[in-house]
Amino acid sequence: MAIEDLLDNMEEGMMNAEDAMKTDIAAIRTGKASTALVENLMVEYYGTNTRLRDIAGLSTPDARTVAIQPWDQSAVPAIEKAIINSNIGISPVSDGKIVRLPIPPLSEDRRAALAKQVKARSEEARVAVRNARRDANEAAKKAQKASEITEDELKNLLEKIQKMTDSYIANIDKLAEEKEKELMKI
């Protein structure tokens, strides 16, 4: 395996871990409305599970409301059912054409619980980054044992791998810190 491929594969794994974390923490509810809260909800639409964002327009008309306007009005009951069955803890309000989600303010206990979720998710992302580092380190050491690279090249490669790992972990920590601040802000 070429050194460039090794670094590219490792970086791809680290990027995927960071992107997955971004997506997951975006769906964690803060005190303000966000379409990320519901856009990936699965709705049974004509017998097929479909993402909410694919069957409706999502918007935030104000800081405390998410509006869901389905392209097909017959989907309103299915959307309401999907929201009720999800674990977001918000009851939908519908006028038959638009489903509105009034976002209540978060209690202090709920904020703390959500902050714990963010910490747990960021730790999962850090573990994924470290696993990518471990795999890359093992591949580099195998290449050196197979005489594909010299000891100096191995040392330089291990340093590059560690720098990239530190960079991704710092990004993950920053994302988690920002989300926790957002959660704790009243």
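This short talk goes through one predicted model, from its first helix and its nonpolar cores to its salt bridges and a few polar contacts.

Before the details, a word on conventions. The model is predicted, so local features need pLDDT of at least 70 and side-chain atom pairs count only at pLDDT 80 or more, while totals for chains, interfaces and linings use all residues. Residues are numbered from 1 along each chain as its sequence is written, and side-chain values use heavy atoms, with hydrogens and water left out.

Let me begin with helix α1, which covers residues 3-26 and has 24 residues; helices here are DSSP runs of H or I with at least four residues, strands are runs of E with at least two, and both are numbered from the N terminus. From its first C-alpha to its last, α1 reaches 35 Å, close to the 34 Å expected at 1.5 Å a residue, where the expected span is 1.5 Å times one less than the number of residues. Its buried residues are Leu-6, Leu-7, Met-10, Met-14, Ala-17, Glu-18, Met-21 and Ile-25, and by buried I mean under 20% relative accessible area, with exposed being over 50% and partly exposed in between, for a 1.4 Å probe and protein chains only. Against what do these residues pack? They pack against α4 (108-145) and α5 (151-184), where contact means heavy atoms within 4.5 Å.

That leads to the largest nonpolar core, a nonpolar core being a set of buried Ala, Val, Leu, Ile, Met, Phe, Trp, Tyr and Cys residues joined through side-chain atoms within 4.5 Å. This core has 29 residues, of which Met-10, Met-14, Met-21, Val-129, Leu-157, Ile-161 and Leu-183 touch the most other members. Helices α1, α4 and α5 each supply at least two residues of this core, and α5 gives the most, with ten residues. If we leave out residues up to four places away in sequence, Leu-157 touches Ile-3, Leu-6, Leu-7, Ala-140 and Ile-149. Apart from the largest core lies another, of 21 residues, among them Val-43, Ile-68, Ile-88 and Leu-101. As general background, nonpolar side chains tend to be buried together in soluble globular proteins.

Now to the charged side chains. A salt bridge is a side-chain nitrogen of Lys or Arg within 4 Å of a carboxyl oxygen of Asp or Glu, and by this rule the count comes to nine. In one of them, the side chains of Asp-173 and Arg-126 meet at 2.5 Å, N to O. Asp-173 lies in helix α5 and Arg-126 in helix α4, so this pair ties together parts that are 47 residues apart in sequence. Arg-126 is buried, with a relative accessible area of 15%, whereas Asp-173, at 34%, counts as partly exposed.

Arg-121 and Glu-124 form another salt bridge, at 3.6 Å, N to O, and these two residues are three apart in helix α4, which means they are separated by about one helical turn. Arg-121 is buried at 14% relative accessible area, while Glu-124 counts as partly exposed at 48%.

Within α5, Glu-177 and Lys-181 meet in a salt bridge of 3.7 Å, N to O, and they lie four residues apart, about one turn of the helix. Glu-177 is partly exposed, at 47% relative accessibility, and Lys-181 is exposed, with a relative accessible area of 57%. Finally for this topic, salt bridges that share partners join Glu-123, Arg-126, Arg-130 and Asp-173 into one network.

What about Arg-111, which is found in helix α4? Arg-111 is buried yet has no salt bridge, and the nearest side chain of opposite charge, Glu-108, is 4.4 Å away; for charge, Lys and Arg count as positive and Asp and Glu as negative, with His and the chain ends not counted. The side chain of Arg-111 does reach the backbone oxygen of Leu-183, at 2.5 Å.

I will close with two strand residues, Asp-62 in β3 (residues 56-62) and Thr-65 in β4 (residues 65-70). Their side chains are joined by a polar contact of 3.0 Å, a polar contact being a pair of N or O atoms within 3.5 Å; within protein, one must be able to donate a hydrogen and the other to accept it, and residues adjacent in sequence count only if both atoms are side-chain atoms. Asp-62 is partly exposed, at 39% relative accessibility, whereas Thr-65 is buried at 14%. Leaving aside neighbours within four places in sequence, Thr-65 is in contact with Ala-33, Ser-59, Thr-60, Arg-100, Leu-101 and Ile-103.
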